[in-house]
Amino acid sequence: MRKILVIAFLFCCSAGAAVAQQLGVKTNAVHWAAAGTLNVGLEIGLGKQTTLELMGDYNPWTLNKEENKKLKFWSVMPEFRYWLCERFNGHFFGLHTGYGEYNISRVRIPFLKKSMRDHRYQGWATGLGISYGYSWLLGKRWNLEATLGFGYVYTKFDRYECATCGEFRGSNDRHYFGPTKAGISIIYIIK
């Protein structure tokens, strides 16, 4: 049994060990597919098993001007990662935080109980979470990464009628516990 564990560990850590990766550029295919969200990330090696990722998202879309259906937001999400074998290869655990601002109306947002169909919401959100992921080496400079995170988000917003320039209906805040991060990313290792 010990020999099998040693062989599995060496296999996990040896794939791509000859390349000393320091910097990667990435994009999250889940964000592109879910809402056409423009996104880019940068991941920097800090130590043999640690990296720092910074992801940015921007969605400027008004989906239907006549109905005032929109999904406009921007966000940044830094994450500190600890890799079990070596950075940019295999399993990792992360600690992420983030901040964003939004202007959303007449759309369905996954994991939210209340629909955004009757009002327009404009505000900001911040949060903290933990994540797990895995990165596969596709070649000398290319990786494929899957990640999922859970945590807490606090948001403060103003609510308006859905019509363009709709009437103000009040301010509120919400606390959310649940999924905070999901991704399947393509990564290009610069050096």
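Let me begin with a term: by a polar contact I mean a pair of N or O atoms within 3.5 Å, and within protein one of the two must be able to donate a hydrogen and the other to accept it. With that in hand, and keeping in mind that what we are looking at is a predicted model, we can take asparagine 59, whose side chain is joined to the side chain of tryptophan 61 by a polar contact of 2.9 Å. A polar contact of 3.0 Å also joins the side chain of asparagine 59 to that of threonine 37.

Where does asparagine 59 sit in the chain? It is found in strand β3, which covers residues 50–64, and asparagine 59 is buried, because its relative accessible area is 0% and buried means under 20%. If we leave out residues up to four places away in sequence, asparagine 59 touches Ala35, Thr37, Leu71, Lys72 and Phe73, so that Thr37 appears both in this list and as a partner in a polar contact.

Now let me step back to the overall arrangement. The model has 8 strands that close into a barrel, in the order β1-β2-β3-β4-β5-β6-β7-β8, and the pairing is antiparallel. From one strand to the next, the twist averages 20°. In general, strands of a sheet pair through backbone hydrogen bonds, and they may do so in a parallel or an antiparallel way.

One pair that I would like to go through is β6 and β7. Strand β6, residues 119–137, is joined to β7 by 19 bridges, and the two run antiparallel; within this pairing, isoleucine 130 stands opposite phenylalanine 150 of β7.

Beside phenylalanine 150 in the sequence we come to glycine 149, which is found in strand β7, residues 142–161. Is glycine 149 buried or exposed? It counts as buried, at 0% relative accessibility. Glycine 149 and serine 131 are 18 residues apart in sequence, yet their C-alpha atoms are 3.8 Å apart in space. Setting aside neighbours within four places in sequence, glycine 149 is in contact with His96, Ile130, Ser131, Gly178, Pro179, Thr180 and Lys181.

Finally, let us turn to a loop, the one between β4 (69–83) and β5 (90–105), where phenylalanine 88 lies. Phenylalanine 88 has a positive phi of about 65°, although it is not a glycine. Phenylalanine 88 is also buried, because its relative accessible area is 1%, and the cut-off for buried is under 20%.

Technical notes: Residues numbered from 1 in each chain as written. Predicted model: local features only at pLDDT ≥ 70, side-chain atom pairs only at ≥ 80, totals over all residues. Heavy atoms only, no water. Helix = DSSP H or I, 4+ residues; strand = E, 2+ residues; numbered from the N terminus. Buried < 20%, exposed > 50% of the residue type's maximum accessible area, 1.4 Å probe, protein only. Contact = heavy atoms within 4.5 Å. Pairing = 2+ DSSP bridges. Axes fitted to C-alpha atoms, helices over the stretch in contact; angles between N-to-C directions.
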